[in-house]
Amino acid sequence: MCSLAGMESPRLRAAEFFAGIGLVRKALNAADIEVVWANDIEPCKRDMYVENFGAGHFRLGDVRDVRGDETPGSRVLRRRGRRVVRGTPWVAPC
């Protein structure tokens, strides 16, 4: 965490869309950014992601079907002034 004039800033949180197997999550973790929600449409990618990071915040399905109020970190997605980090879609054979 960074600090300004002795004040600690809150830890950044991210929602990871098109999470794939979690490569972006690894980079976010290294930068001390907490991933509070992730999704992908491919079951094989979900399986690899869950093996590395657990299933607690992963939603399998089409991102077009996701509503902000159904995500555990929904205030991250809706709140003004908060940063939301998202990954790019990766195409990989399953």
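Start by selecting Leu23, which sits in helix H1 of this predicted model. At a relative accessibility of 49%, Leu23 counts as partly exposed, because the exposed class begins only over 50%. Keep Leu23 selected and add Tyr49. These two residues are 26 apart along the chain, and their C-alpha atoms are separated by 8.9 Å.

**The whole chain**

Now colour by secondary structure. The protein chain shows three helices and five strands. Read from the N terminus, their order is β-β-β-α-β-α-β-α. The chain has 94 residues, and 31% of them count as buried. If you switch on a surface, the accessible area is about 6,400 Å², with 53% of that area belonging to carbon and sulfur atoms. Of the contacts between residues at least 6 apart in sequence, 41% join residues at least 24 apart.

**Confidence**

Recolour by pLDDT before going further. Over the protein chain the mean is 75, and 63% of the residues reach 70 or more. Which element has the highest mean pLDDT, and which the lowest? Helix H2, residues 43-53, has the highest at 94, whereas helix H3, residues 74-78, has the lowest at 48. Next select residues 82-94. Here pLDDT stays under 50, and the model has 27 contacts beyond four places in sequence for this stretch. Where pLDDT is low, the predicted coordinates should not be read in detail.

**Strand E3 against strand E4**

Go to Ala15, in strand E3. Is Ala15 buried or exposed? Its relative accessibility is 1%, so Ala15 counts as buried. Add Val36 and draw a distance between the C-alpha atoms: the two residues are 21 apart in sequence and 5.9 Å apart in space.

**Asn39**

From there move to Asn39, in strand E4, which covers residues 34-40. Asn39 has a relative accessible area of 2%, so this polar side chain is to be looked for among the buried residues. What does the side chain of Asn39 reach? It reaches the backbone oxygen of Gly61, at 3.1 Å. Show the neighbours of Asn39 as sticks. Leaving out residues up to four places away in sequence, Asn39 touches one group made up of Glu16, Phe17, Phe18, Ala19 and Gly20, and another made up of Phe58, Arg59, Gly61, Asp62 and Val63. Several of these residues come up again below.

**Aromatic rings**

Select the Phe, Tyr and Trp side chains. The count of aromatic pairs is three. One of them is Phe17 with Trp37, a tilted pair with ring centres 5.1 Å apart and an angle of 55° between the planes. This pair links distant parts of the chain: Phe17 is in the loop between strand E3 (13-16) and helix H1 (23-30), while Trp37 is in strand E4, 20 residues away. Phe17 and Trp37 are both buried.

Another tilted pair is Tyr49 with Phe58, at 5.0 Å centre to centre and 50° between the planes. Tyr49 and Phe58 are buried as well. Add Phe53 to the selection to see one aromatic cluster formed by Tyr49, Phe53 and Phe58. Tyr49 is the residue that was paired with Leu23 at the outset, at 8.9 Å between C-alpha atoms, and Phe58 is one of the residues that Asn39 touches.

**Salt bridges**

Finish with the charged side chains. Side chains of opposite charge can pair when their charged atoms come close. How many salt bridges does a search of the whole structure find? It finds two.

Select Arg46 and Asp47 for one of them: their side chains meet at 2.9 Å, N to O. Arg46 has a relative accessible area of 25% and is partly exposed. Asp47 is partly exposed too, with a relative accessible area of 41%.

Then select Asp62 and Arg64, which form a salt bridge with the closest N and O atoms 2.6 Å apart. How do Asp62 and Arg64 stand in accessibility, buried or exposed? Asp62 has a relative accessible area of 17% and is buried, because the limit for that class is under 20%. Arg64, at 72%, is exposed. Asp62 is also among the residues touched by Asn39, so the view can be centred on Asn39, a buried residue with 2% relative accessible area, to close the tour.

Methods: Residues are numbered from 1 along each chain as its sequence is written. This is a predicted model: local features need pLDDT of at least 70, side-chain atom pairs count only at pLDDT 80 or more; totals for chains, interfaces and linings use all residues. Side-chain values use heavy atoms; hydrogens and water are left out. Helices (H or I, at least four residues) and strands (E, at least two) are DSSP runs, numbered from the N terminus. Buried means under 20% relative accessible area, exposed over 50%, partly exposed in between (1.4 Å probe, protein chains only). Contact means heavy atoms within 4.5 Å. Accessible areas come from the Shrake-Rupley method with a 1.4 Å probe; for residues, only the protein chains shown count as cover. A polar contact is a pair of N or O atoms within 3.5 Å; within protein, one must be able to donate a hydrogen and the other to accept it, and residues adjacent in sequence count only if both atoms are side-chain atoms. pLDDT is the predictor's confidence in each residue, from 0 to 100. Rings of Phe, Tyr and Trp (its six-membered ring) pair if their centres lie within 6.5 Å; planes under 30 degrees apart count as stacked, over 60 as edge-to-face and the rest as tilted. A salt bridge is a side-chain nitrogen of Lys or Arg within 4 Å of a carboxyl oxygen of Asp or Glu.
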